[in-house]
Amino acid sequence: MSRAPEVTQRLRVDPVACEGIGLCAQVADRLIELDRWGYPIVAGDLDRSQVKEARRAVRACPRRALWLEETAEGDRR
Ligand code: SF4
């Protein structure tokens, strides 16, 4: 019997929409770092305790360049 794939969430960034202002990294400093140009580098798969912080970062983004995406095991991109 096969197990259902485990679903996790991760942050994604639209590099075209992002303006590199860095508000998301201020709101979720444990999940998002900024590169030297001020663009976000996001954490990989999030555990439950990190999802709430990630949602705050998504809401804080003035460009709607950040979102949460569900990923299943074996569907890592
Ligand atoms: S808050 Fe939005 S626009 Fe600003 S750096 Fe983060 S993702 Fe980019």
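**Figure 1. Burial in the protein chain of the predicted model.** Buried residues, defined as those with 20 or more other C-beta atoms within 10 Å of their own, the C-beta atoms being placed from the backbone, make up 18% of the 77 residues in the protein chain. The C-alpha atoms of this chain fill a box of roughly 50 × 25 × 20 Å along the principal axes. Numbering starts from 1 along each chain as its sequence is written. In this predicted model, local features need pLDDT of at least 70 and side-chain atom pairs count only at pLDDT 80 or more, whereas totals for chains, interfaces and linings use all residues.

**Figure 2. Order of the secondary structure elements.** The protein chain has two helices and four strands, taken as DSSP runs numbered from the N terminus (helices: H or I, at least four residues; strands: E, at least two). From the N terminus on, the order is β-α-β-β-α-β.

**Figure 3. Surroundings of aspartate 47.** Aspartate 47 lies in the loop between strand 3 (40-42) and helix 2 (48-60). Aspartate 47 counts as exposed because it has 9 C-beta neighbours inside 10 Å, the cut-off for exposed being 12 or fewer. Arginine 10 is 37 residues from aspartate 47 in sequence, and their C-alpha atoms are 9.0 Å apart in space.

**Figure 4. Residues around the ligand.** Of the 13 residues around the ligand, Cys18, Ile21, Leu23, Cys24 and Cys61 come nearest; a residue is near a molecule if its C-beta atom, placed from the backbone, lies within 6 Å of it. The shell comprises nine nonpolar, two polar and two charged residues. Ala, Val, Leu, Ile, Met, Phe, Trp, Tyr, Cys and Pro count as nonpolar, Asp, Glu, Lys and Arg as charged, and the others, Gly among them, as polar.
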